[in-house]
Amino acid sequence: MEYKNILLIKMSSLGDILHTLPFAAALRELYPNAKISWLVHPQFAGFVPDPPVIDEVIYFDKVKFKKMGFSEKLAYYSEMKELLHSKHFDLVIDMQGLFKSAVLAAISGCSNRIGYCEMREGSGFVSKAITGSHAKDHVIERYLDVARHLGAKIESLEDIKFPMPDLTKETASVKTKLTDKGLSGDYMVIVPGARWKTKEWPVEHYAALAKKIIATGMYVVLAGGPDDASKGAKIKELSESDMVIDMTGQTSLRELAALIKDCKVYISADTGPLHFAAALKKPLVAMYGPTLADRTGPYGSNKSTVLLSPAKCRGCLKKACNDWHCMHDISPEEVFAIYLKKLEC
């Protein structure tokens with residue numbers, strides 16, 4: 001069937017948005033003449049692809065919504081219903097698969113609703129779950145099974161594209177910031193934060209690693225959001241070198257992507273910016289403890305190395321732990337040895 005007006009729902013988070021990019025690219029190739037809209041939370045909209053991949057961005061403001069009273073929330077949903085109905089969608093694709101996305105799919109005014117295989121929180125009652133041959137594979141492949149269901153031909157890694165935004169402006173901005181901080185050579189990027197405390201590699205390990213890296217003549221740039229600022233400051237203090245440049249909390253998301261785009265090697269734990277590096281096909285090292293990389297790890301590049309903790313309890317999925325040692329068990333020496341190999345990529 002040739003659809004003319006398609007709504008893609010994927011509202012959060014950063015990593016999930018980036019994982020959806022290959023699906024968006026496949027959808028555009030499949031329907032070159034369709035109008036494709038993407039429904040997203042405003043804070044993650046910076047990585048929704050530009051035209052011609054995505055024609056329109058529609059926002060659902062989660063931050064504002066959470067602060068509303070019950071009657072205000074009902075009014076907000078009423079406004080969203082009116083807006084979505086006015087678009088006259090003939091296909092809605094729920095790639096979030098949660099209650100919040102199911103509500104928006106249900107009030108879209110479109111009866112033709114599908115989603116990917118892992119529809120949770122009742123979303124499978126609203127949108128038909130599409131289960132393909134990759135249902136137990138990486139989440140990107142699970143999403144692409146929906147494109148395959150619609151008729152897309154995706155058979156190899158060469159068929160998978162990550163439509164990243166134009167970062168020309170952000171690249172210039174980052175270059176100025178780095179120059180102002182004294183950078184005058186090649187650099188690698190470390191992002192020390194993660195959404196879960198249990199995912200984080202210890203700052204003392206990062207500092208020990210940074211010392212080894214700068215001893216080879218490479219600058220180390222620390223990056224991440226405002227929540228990572230205290231970690232960045234501590235790593236810089238412990239590293240005792242002007243060749244460690246702290247940029248944590250000092251870039252927008254798009255500037256962070258531009259920063260990673262021009263680095264030699266990227267290192268972090270399981271965190272959103274890791275997927276920038278993977279999408280940009282940068283040599284990278286990622287440390288995993290409470291999570292495993294088979295479902296949502298770096299994808300699509302032979303330049304990626306995932307270091308799994310040797311702890312027997314790895315993959316526990318605990319956000320808090322009374323005996324947390326899995327990430328400590330990955331040594332700076334082990335990461336540094338792989339880093340040196342990445343310089344050859």
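Let me begin with helix H1, residues 14–30, which lies across strands E1, E2 and E4 and runs at about 165° to E2. Please keep in mind throughout that what we are looking at is a predicted model.

The sheet beneath that helix is an open one, built from six strands in the order E3-E2-E1-E4-E5-E6, and the pairing is parallel. Its edge strands are E3, residues 56–59, and E6, residues 128–129, each of which pairs on one side only. If we look at the E3 end, we find that E2 and E3 pair in the parallel sense over four bridges, and that Val 40 stands opposite Tyr 59 in E3. Helix H3, for its part, lies across E1, E2 and E3, and runs at about 160° to E3.

Turning now to helix H4, which spans residues 99–106, the buried residues there are Ser 101, Ala 102, Val 103, Leu 104 and Ala 105. What do the buried residues of H4 pack against? They pack against four strands, namely E1 (5–9), E2 (35–40), E4 (91–94) and E5 (113–115), and also against helix H3 (70–87).

I would like to spend a little longer on helix H5, residues 139–150, where we find Glu 141, and where Asp 145 also has its place. Are these two acidic side chains buried or exposed? Glu 141 has a relative accessible area of 12% and therefore counts as buried, the cut-off being under 20%, and Asp 145, at 5%, is buried as well. As a general point, an α-helix has 3.6 residues a turn, so residues three or four places apart point the same way.

As for their surroundings, and leaving aside neighbours within four places in sequence, Glu 141 is in contact with His 134, Arg 148, Ile 160 and Tyr 299. With the same kind of neighbours left aside, Asp 145 is in contact with Ile 130, Gly 132, Ser 133, His 134 and Ala 135, so that His 134 appears in both sets of contacts. Glu 141 and Ile 154, which are 13 residues apart in sequence, lie 9.6 Å apart in space, taken from C-alpha to C-alpha.

Finally, let us move to the surface, where Leu 292, Val 306 and Leu 308 form a nonpolar patch with about 190 Å² of accessible area together. Of these, Leu 308 lies in strand E12, residues 304–308, and at 34% relative accessibility Leu 308 counts as partly exposed, because that value falls between the cut-offs of 20% and 50%.

Conventions:
Residues are numbered from 1 along each chain as its sequence is written. This is a predicted model: local features need pLDDT of at least 70, side-chain atom pairs count only at pLDDT 80 or more; totals for chains, interfaces and linings use all residues. Side-chain values use heavy atoms; hydrogens and water are left out. Patches are made of residues with over 30% relative accessible area and no salt bridge: like charges are joined within 9 Å, nonpolar side chains (Val, Leu, Ile, Met, Phe, Trp, Tyr) within 5 Å. Accessible areas come from the Shrake-Rupley method with a 1.4 Å probe; for residues, only the protein chains shown count as cover. A salt bridge is a side-chain nitrogen of Lys or Arg within 4 Å of a carboxyl oxygen of Asp or Glu. Helices (H or I, at least four residues) and strands (E, at least two) are DSSP runs, numbered from the N terminus. Buried means under 20% relative accessible area, exposed over 50%, partly exposed in between (1.4 Å probe, protein chains only). Contact means heavy atoms within 4.5 Å. Two strands pair if DSSP finds at least two bridges between them. Axes are lines fitted to C-alpha atoms, for helices over the stretch in contact, and angles run from 0 to 180 degrees between N-to-C directions.
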